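Work through the exercises below with the sequence and the model side by side. Try each task before reading its solution.

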Amino acid sequence: MKPRPLLADGELRIGTPPGERLRAVVIPFIIFTAIWGSTWIVIRGQLGTVAPQWSVAYRFGIAAVAMTFIAAIKGDSLRLGRSGLVAALFLGFTQFCINFNMVYLAERHITSGVVATVFALLLIPSSLMGWALLGQRPTGRFAWSSLVAVTGIGLLFVHELHEHAASAKQIASGIGLTLLGMIGASIANVVQARPEIRRFPLFGLLAWSMAAGALIDAAFALILAGPPTIDTRPVYWAGLLYLALAASVLTFSLYYPVVRKIGPAKAAYSSVIVPIIAMGFSTWLEGYRWTPLTIAGALLALGGMVAALSRSRSSVAAPDAA
């Protein structure tokens with residue numbers, strides 16, 4: 001039997017040789033999942049001398065420059081026209097400003113592992129917005145699985161309140177900020193999935209989006225945190241470069257091509273694996289304490305997302321925030 005013709009640009013055919021699939025999908029998937037799993041704890045090290053808003057602005061200023069070089073290497077044009085620049089501005093605001101600022105601020109209140117686990121629910125608002133704006137109705141299986149995942153997050157929340165009863169306001173603030181970040185990411189995910197946005201060169205669009213995000217981040221930081229501050233510690237700059245180059249430029253450069261090859265539903269399994277890695281780092285470096293309640297909560301949250309992704313028809317991409 002001959003391989004099935006491509007149904008979309010870049011999609012892998014049935015019968016694709018294992019070596020090609022390994023190179024085009026498996027290796028990139030392992031790389032961006034491992035990096036995204038580690039970024040939550042690296043963000044923790046960015047908090048301190050520099051206001052979180054300025055750290056986000058620095059990160060995407062560096063990332064925008066690097067992504068411009070990637071676009072040139074890939075042969076993607078930076079001439080997007082007025083409509084392309086408007087799209088980049090919108091994505092920059094939702095994905096690289098609202099999303100990341102909320103995550104950075106959330107980690108001042110709750111552990112990085114809890115933030116990552118809550119953010120695993122990103123697929124839920126993305127799918128609901130995809131239903132509203134793209135006509136992609138989720139299945140009943142997805143609805144029940146999502147309810148299970150939300151129950152798991154609720155158990156983690158109860159544990160945090162029990163462990164830190166005196167700082168209930170802090171915990172609520174951390175989870176609330178994470179949810180706001182999810183909304184920003186969800187909006188960006190749905191918008192970039194629309195046909196009129198997908199026609200723009202991927203790397204050129206990302207370069208402009210990161211540049212727009214960096215400028216908005218800087219304005220946001222100037223208003224809320226005052227003039228820019230600098231942390232001279234090498235560990236801060238090492239973390240900043242890791243977040244800008246590895247966790248932003250490299251991961252987005254690998255993730256979106258994989259989405260176009262295997263579809264976002266399968267690619268979104270990274271959203272389930274990432275919190276497991278993040279919770280491991282949180283246990284090791286932040287002293288996160290596991291109890292029967294947290295184990296049950298994590299299993300329900302991640303198990304619910306696995307069930308929701310199984311046989312999912314959603315075409316909305318769900319990259320992780322960090």
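pLDDT is the predictor's confidence in each residue, on a scale from 0 to 100. It is needed here because this is a predicted model.

**Exercise 1. Confidence**

State the average pLDDT of the protein and find a stretch where pLDDT stays under 50.

Solution.
- Step 1: The average pLDDT of the protein is 82.
- Step 2: A score of at least 70 is reached by 85% of the residues.
- Step 3: Residues 1-9 stay under 50 in pLDDT. For this stretch the model has 9 contacts beyond four places in sequence.

**Exercise 2. The overall fold**

Count the helices and strands, then describe the burial, contacts and surface of the protein.

Solution.
- Step 1: The protein has 13 helices and 0 strands. Read from the N terminus, the elements run α-α-α-α-α-α-α-α-α-α-α-α-α.
- Step 2: The protein has 322 residues, and 51% of them count as buried.
- Step 3: Take the contacts between residues at least 6 apart in sequence: 89% of these join residues at least 24 apart.
- Step 4: The accessible surface is about 14,500 Å², and carbon and sulfur atoms account for 70% of it.

**Exercise 3. Nonpolar cores**

Which residues have the most contacts inside the largest nonpolar core, and which helix gives the largest share of this core?

Solution.
- Step 1: As background, nonpolar side chains in soluble globular proteins tend to be buried together.
- Step 2: The largest nonpolar core has 67 residues, and Trp40, Phe60, Met210 and Met305 have the most contacts inside it.
- Step 3: Helix 10 (residues 234-262) gives the largest share of this core, with 10 residues.
- Step 4: Another core, of 9 residues, lies apart from the largest one; Leu80, Ala87, Ala88 and Leu91 are among its members.
- Step 5: Return to Met210. Leaving aside neighbours within four places in sequence, Met210 is in contact with Phe60, Ala63, Ala64, Met67, Phe96, Ser248, Val249 and Phe252.

**Exercise 4. A covered helix**

How many residues of helix 4 are buried?

Solution.
- Step 1: Helix 4 spans residues 112-119.
- Step 2: The buried residues in helix 4 are Ser112, Gly113, Val114, Val115, Ala116, Thr117, Val118 and Phe119.
- Step 3: That gives 8 of its 8 residues, and helix 4 is mostly covered.

**Exercise 5. Charged side chains**

Find the salt bridge in the structure, then examine Arg59.

Solution.
- Step 1: The structure holds 1 salt bridge. The side chains of Asp231 and Arg233 form this pair, at 2.8 Å from N to O.
- Step 2: Asp231 has a relative accessibility of 3%, so this residue counts as buried.
- Step 3: Arg233 has a relative accessible area of 36% and is therefore partly exposed.
- Step 4: Arg59 lies in helix 2 (residues 52-74). Arg59 is buried but has no salt bridge.
- Step 5: The nearest side chain of opposite charge to Arg59 is Asp217, 8.5 Å away. A salt bridge needs a side-chain nitrogen of Lys or Arg within 4 Å of a carboxyl oxygen of Asp or Glu.
- Step 6: Beyond four places in sequence, Arg59 is in contact with Ile43, Phe100, Tyr104, Leu240, Leu243, Ala244, Ala247, Ser248 and Ala322.

**Exercise 6. Far in sequence, compared in space**

For Ala218, Ala296 and Ala308, give the helix, the accessibility and the C-alpha distance to a residue elsewhere in the chain.

Solution.
- Step 1: Ala218 is in helix 9 (residues 202-225). Its relative accessibility is 23%, so Ala218 counts as partly exposed.
- Step 2: Ala218 and Trp54 are 164 residues apart in sequence, with 6.5 Å between their C-alpha atoms. Not counting residues up to four places away, Ala218 touches Trp54 and Ala57.
- Step 3: Ala296 is in helix 13 (residues 292-309). At 31% relative accessibility, Ala296 is partly exposed. Its C-alpha atom is 7.6 Å from that of Leu155, 141 residues away along the chain.
- Step 4: Ala308 is also in helix 13. With a relative accessible area of 2%, Ala308 is buried.
- Step 5: Ala308 and Leu147 are 161 residues apart in sequence and 9.7 Å apart from C-alpha to C-alpha. Leaving aside neighbours within four places, Ala308 is in contact with Phe142, Ser145 and Ser146.

Terms used: Residues numbered from 1 in each chain as written. Predicted model: local features only at pLDDT ≥ 70, side-chain atom pairs only at ≥ 80, totals over all residues. Heavy atoms only, no water. Helix = DSSP H or I, 4+ residues; strand = E, 2+ residues; numbered from the N terminus. Buried < 20%, exposed > 50% of the residue type's maximum accessible area, 1.4 Å probe, protein only. Lys, Arg positive; Asp, Glu negative; His and termini not counted. Contact = heavy atoms within 4.5 Å. Core = buried A, V, L, I, M, F, W, Y, C linked by side-chain atoms within 4.5 Å. Areas by Shrake-Rupley, 256 points an atom, 1.4 Å probe, with all protein chains shown as cover.
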